[in-house]
Amino acid sequence: MADRDRTPSERVDVCVVGAGPAGALVAHTLAERGHDVVVLEAGERFDADERLERMERAIRPAHGPLSVWNMGGERDAYSSTGERFYPLNRARVKGVGGTTLHWQGMVMRLHEGDFETRSRYGVASDWPIDYEDLRPYYARAEEALGVAGASDNPFAPPRERPHPMPAFPPSYSDSIFADACERLGVAMHSVPNARNSEPYDGESQCVGYGTCKPVCPSGAKYDATRTVDDAREAGARILDRVPVQRLEHDRAGETVEAAVYATPDGETHRQTARQFVVACGGVETPRLLLLSTSDAYPDGLANSSGLVGKYLMDHLFAGTGGVVDERTRQNHVGFLTSETHQFYDDPTEGTEEGIPRAEGDRAAFTPLKLEFFNYAGPSPVEMALGSEEFGDDLLASLRDGYGNSIAMGGLVGQRPRKGNYVGLDPSTTDDHGNPVPEINWGIDEATERSLRRANEIQEAILSELGVEITWQVGPEATGPAFHHMGTTRMGTDPDESVVSPRMRTHDLDNLWIAGSSVFVTGGAMNPTLTIAALALKVADHVDEVL
C-alpha cells in the first residue's frame, strides 16, 4: 500500500517519478541494494479487492470505458492536433501500477535488427546499444514479470535460458488456423505472456476470466503493483496522488535538486535526492521536462537538443476478420496464444506454398507481426444488447448467430519522425493549472505500406480457411496500440538525443529516464519487456554512481 504521510523525506538517495513498470523495477532494484528510495506517483493506489467490481464496470454498458480505472476529467485532459486524432486516454492508467493495470500482457523481445535499422536497411537511426547489451536484462525482466513462453519461435533472437514458466497451450481457434498456415507455408509459434500458466510469485495461475484488458481480477497477469509492493518491503517509500509539477535544478544548472509535487490537501512540497529517475511514460515524461523551465532551460529541462517530446512513435493495428462455417469458440480465451514473426524482419518475404512476395525492397517497409485472435467477434452480451428481440427469440438468435467469428490481428511499426511529437497546449490546463499534453501524430508511407502488407497476408490465410471476410482495419481506418515511444530518445550525440546509452540525460548529471520514451526505434513488438529490461539497466547505472 502507499504511504499516507505525503510529506517529503529527508534528502534520499533516489527519487523515482512514476510507479508503472519502469519506476517500480528501478525502485525495487535500488531499495534491495540498500539505497533510500522515494517513489512519487501522480495517481492513486487501487484496492486489489475492488478488481471484480472494476471488471463489472468493463462488462456492463452503463459504465464508460474510462471509468474502469478512474480516467478522464480535468486531470487527464489533453489535445490532439496532428494528421490523425490520438485518443490518449483510451488506454492509459494513472495510478500505482500504471498502464500494466489493464495491458494485454504480451512480452516479446525486440529483434536484433530493430537496434540497427540504419546499418541494415539505411532508414531511421541505430540505437547506441545492441541486442547483446540488453540480452541479460531481458532475461532478468522475464523473471521479474513472470513470463510464460516456449523456445519455439524460429524467428526470435537468441536466448540464454527458457522462460520462467511454460507457455499456454494453443487455443482451439489456433488449431483452426494451423492447417491453413501449414498449407500456405506460414509458421505459427507461441506468444510469451506475462501471466501465470502455473502459480508464480505468490499469485495463482490464470483462471480464465477473459477480461485481461482492461482488468485481471485474479492477479494472475503481471502488473507493476507486485513490484511496487516488493520495493516497499525492501524499504522504499511509496507516495500516491502526488503529481510532480516540475523538477528544480541547482544554480549552475548541472544537477536536479528537487521534485516539486502537490498533495490532495492542496499543499506543495519539495522532495530532494542525490539522483532522480523519471519514469512517467512516453507522454508524461516529456511533459514534465517541458514544464520544468528555468533561465538555464527556457525550452524545458534536459532539452538543449530541442528533442524532448520529438520522435513520438506508436504501433499501428492491422486486422482482418469474418465468419466461417464452423464453431470457433470465440472469446473463450482473453489473450493471444499464437502468432507469427515470419514476416517481421522482411515484410516483403513470401512463401513457396502460397503467400506472394510483396513488391519493393525491405527499406520501404516497417516491421510487422501477425496474431491469431482468440477473442474474435462480438460477445453474447454485445449481441444481446444490440438486438431488438427478447426471450426465447433472442436466445435462439444467440445460439444460431454466435460462435463462428474468426480473425487475425497484428502490429506494424512506425518510423520515427521529428514531426510526431508531445508538446504543451497552454490553451488548456489540468487540475493544477499546467498546460496539458498536446499530441501531434501522423503516419508515414512506409507504415501504411506495411499495414497493407499485413492485410494481404491476413486475407490469404483467412481465404485459405474459407472465411467470409466481413471487416478489415488497414491504413485508412487504423488506430494506435497506445505504445508511446521515442520522446526522449537515446544517443551518443547530445545534439541529436536526450539521454546517453546509460539513460542519463546529457544536460544534468543526476537525472535519468526510464521507459519507452528512450526508444530510438519501436520495432513492432509490444514494448513492456524492453521497458522492463531498460529499467533494470538504468537501476544498475544509478547504483554505480551512488
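1. Aromatic pairs. In this predicted model, the count of aromatic pairs comes to ten, where two rings pair if their centres lie within 6.5 Å. One of them joins Phe-317 and Phe-373, whose ring centres are 6.2 Å apart and whose planes meet at 15 degrees, so the pair is stacked, planes under 30 degrees apart being the condition for that label. Phe-317 lies in strand β11 (residues 316-317), while Phe-373 lies in the loop between β14 and α8 (380-385), so this pair ties together parts that are 56 residues apart in sequence. As for exposure, Phe-317 has a relative accessible area of 23% and is partly exposed, whereas Phe-373, at 10% relative accessibility, counts as buried.

2. The ring cluster and Phe-482. Ring pairs also link Tyr-86, Trp-441 and Phe-482 into a cluster. Of these residues, Phe-482 deserves a second look for its backbone, since its phi is near 65 degrees, a positive value in a residue other than glycine. Most residues other than glycine have a negative phi. Phe-482 is found in the loop between β18 (468-473) and β19 (511-513), and at 14% relative accessibility it counts as buried, the limit being under 20%.

3. Met-503, in the loop between β18 and β19. A reader following the loop between β18 and β19 will also come to Met-503, where phi is near 70 degrees, again a positive value in a residue other than glycine. Is Met-503 buried or exposed? At 0% relative accessibility, Met-503 counts as buried.

4. Helix α5 and its kink. Helix α5, which covers residues 172-184, has a kink of about 25 degrees, and the kink is centred on Ala-178. The buried residues of this helix are Ser-173, Asp-174, Ile-176, Phe-177, Ala-180, Cys-181 and Leu-184. What covers them includes three strands, β13 (338-340), β14 (368-372) and β15 (405-412), together with helix α10 (445-464). Just after α5 comes Gly-185, which takes a positive phi of about 80 degrees.

5. Leu-465, a residue in contact with α5. Leu-465 lies in the loop between α10 and β18, and with a relative accessibility of 16% it counts as buried. Which residues does Leu-465 contact, leaving aside its neighbours within four places in sequence? They are Ile-176, Phe-177, Ala-180, Val-324 and Ile-406, and among them Ile-176, Phe-177 and Ala-180 also appear in the list of buried residues of α5. By contrast with these contacts, Leu-465 and Pro-367, which are 98 residues apart in sequence, have their C-alpha atoms 25 Å apart in space.

6. The packing of α1 with α11. Helix α1 (residues 21-32) packs with helix α11 (residues 528-545) at an angle of about 35 degrees, and the axes of the two helices are 8 Å apart. The crossing of α1 and α11 is right-handed. On the side of α1, the residues that meet the partner helix are Ala-22, Leu-25, Val-26, Thr-29 and Leu-30, and on the side of α11 they are Ile-531, Ala-532, Ala-535, Leu-536, Val-538, Ala-539, Val-542 and Asp-543. The residues of this contact divide into eleven nonpolar, one polar and one charged.

7. Gly-403. The loop between α9 (391-401) and β15 holds Gly-403, which is buried, with a relative accessible area of 7%. Leaving aside its neighbours within four places in sequence, Gly-403 is in contact with Glu-326, Arg-327, Thr-328, Arg-329 and Gln-330. Gly-403 and Asp-240, on the other hand, are 163 residues apart in sequence and 44 Å apart in space, taken from C-alpha to C-alpha.

8. Glu-267. Glu-267 is found in the loop between β9 (256-262) and β10 (268-278), and with a relative accessible area of 43% it is partly exposed. When residues up to four places away in sequence are not counted, Glu-267 touches Tyr-261 and Ala-262. How far apart are the C-alpha atoms of Glu-267 and Gly-185? They are separated by 63 Å, although the two residues are 82 residues apart along the chain; Gly-185 is the residue with positive phi just after α5.

Notes. Residues are numbered from 1 along each chain as its sequence is written. This is a predicted model: local features need pLDDT of at least 70, side-chain atom pairs count only at pLDDT 80 or more; totals for chains, interfaces and linings use all residues. Side-chain values use heavy atoms; hydrogens and water are left out. The bend at a residue is the angle between axes fitted to the seven residues ending there and the seven starting there. Helices (H or I, at least four residues) and strands (E, at least two) are DSSP runs, numbered from the N terminus. Buried means under 20% relative accessible area, exposed over 50%, partly exposed in between (1.4 Å probe, protein chains only). Contact means heavy atoms within 4.5 Å. Axes are lines fitted to C-alpha atoms, for helices over the stretch in contact, and angles run from 0 to 180 degrees between N-to-C directions. A crossing is left-handed if the near helix is turned anticlockwise from the far one by less than a right angle, and right-handed if clockwise. Ala, Val, Leu, Ile, Met, Phe, Trp, Tyr, Cys and Pro count as nonpolar, Asp, Glu, Lys and Arg as charged, and the others, Gly among them, as polar. Rings of Phe, Tyr and Trp (its six-membered ring) pair if their centres lie within 6.5 Å; planes under 30 degrees apart count as stacked, over 60 as edge-to-face and the rest as tilted.
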